[in-house]
Amino acid sequence: MHIKSFTYKIFFLIILIICSCSKENINESEPVNHDLDYNLAWHSGTSYDTTIQVGQTIIWTWGGGTHNLRSTGGVETFDSGYSSTYGFSFSHTFTVVGTTTYVCDPHESHMYGSVTVIE
Ligand SMILES: [Cu+2]
């Protein structure tokens, strides 16, 4: 009886150690902070009005089809060029306060957006 309860104590101790170890691992593997990036899908039927802070980056990721992403007015200029590769991505880091509009040229009626940069 004595030996049995001792065995249970050892078993409990081992379980406790395993639990505390795995908890530590969870804390270490917390996701990287992506607060500074905005990820937007870029395919037919996507339009956005996005407000960000100076220095933040927007990443557009292509769905199916042939698309480009070109600024059409405002305070910043950018042009991705054309790509028909699914998963292609284009990013721009905004450094000027104000609003910039953009469009996908072949799909200007349903692929467009604006980015408003605030201090
Ligand atoms: Cu398009």
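Three strands of this predicted model make up an open sheet of mixed pairing, in the order β1-β3-β5. A further open sheet, also of mixed pairing, takes four strands in the order β2-β7-β6-β4. The chain holds one helix and seven strands in total, and along the sequence they follow the pattern α-β-β-β-β-β-β-β.

**Three-stranded sheet**

- The order is β1-β3-β5, with β1 (37–42) and β5 (89–93) as the edge strands, each of which pairs on one side only.
- From one strand to the next, the twist averages 20°.
- β1 and β3 run parallel and are joined by six bridges.
- Aspartate 37 has threonine 57, in β3, as its bridge partner.

**Four-stranded sheet**

- In the order β2-β7-β6-β4, the edges are β2 (47–53) and β4 (70–74), and each of these pairs on one side only.
- Ignoring direction, neighbouring strands of this sheet are turned by 25° against each other on average.
- β4 and β6 (residues 98–103) run antiparallel, with four bridges between them.
- Glycine 73 has threonine 101 of β6 as its bridge partner.

**Nonpolar core**

- The largest nonpolar core has 11 residues: Trp42, Ile58, Trp60, Trp62, Leu69, Phe94, Tyr102, Cys104, Met111, Val115 and Val117.
- At least two residues of this core come from each of β3 (57–62) and β7 (112–118), and β3 gives the largest share, three residues.
- In soluble globular proteins, nonpolar side chains tend to be buried together.
- Of the 119 residues in the chain, 12% count as buried.

**Contacts**

- Tyr102, a member of the largest nonpolar core, touches Leu69, Arg70, Ser71, Thr72, Tyr112 and Gly113, leaving aside residues up to four places away in sequence.
- Leu69, one of these contacts of Tyr102, is also listed in that core.
- Among contacts in the chain with a separation of 6 or more, 51% are between residues 24 or more positions apart.

**Confidence**

- Mean pLDDT for the chain is 83, and 70% of the residues reach 70 or more.
- Residues 13–34 have pLDDT below 50, and this stretch has zero contacts in the model beyond near neighbours in sequence.
- Where pLDDT is low, the predicted coordinates should not be read in detail.

Definitions and conventions. Residues are numbered from 1 along each chain as its sequence is written. This is a predicted model: local features need pLDDT of at least 70, side-chain atom pairs count only at pLDDT 80 or more; totals for chains, interfaces and linings use all residues. A nonpolar core is a set of buried Ala, Val, Leu, Ile, Met, Phe, Trp, Tyr and Cys residues joined through C-beta atoms within 7 Å. A residue is buried if 20 or more other C-beta atoms lie within 10 Å of its own, exposed if 12 or fewer, and partly exposed in between; C-beta atoms are placed from the backbone. Two residues are in contact if their C-beta atoms, placed from the backbone, lie within 7 Å. pLDDT is the predictor's confidence in each residue, from 0 to 100. Two strands pair if DSSP finds at least two bridges between them. Axes are lines fitted to C-alpha atoms, for helices over the stretch in contact, and angles run from 0 to 180 degrees between N-to-C directions.
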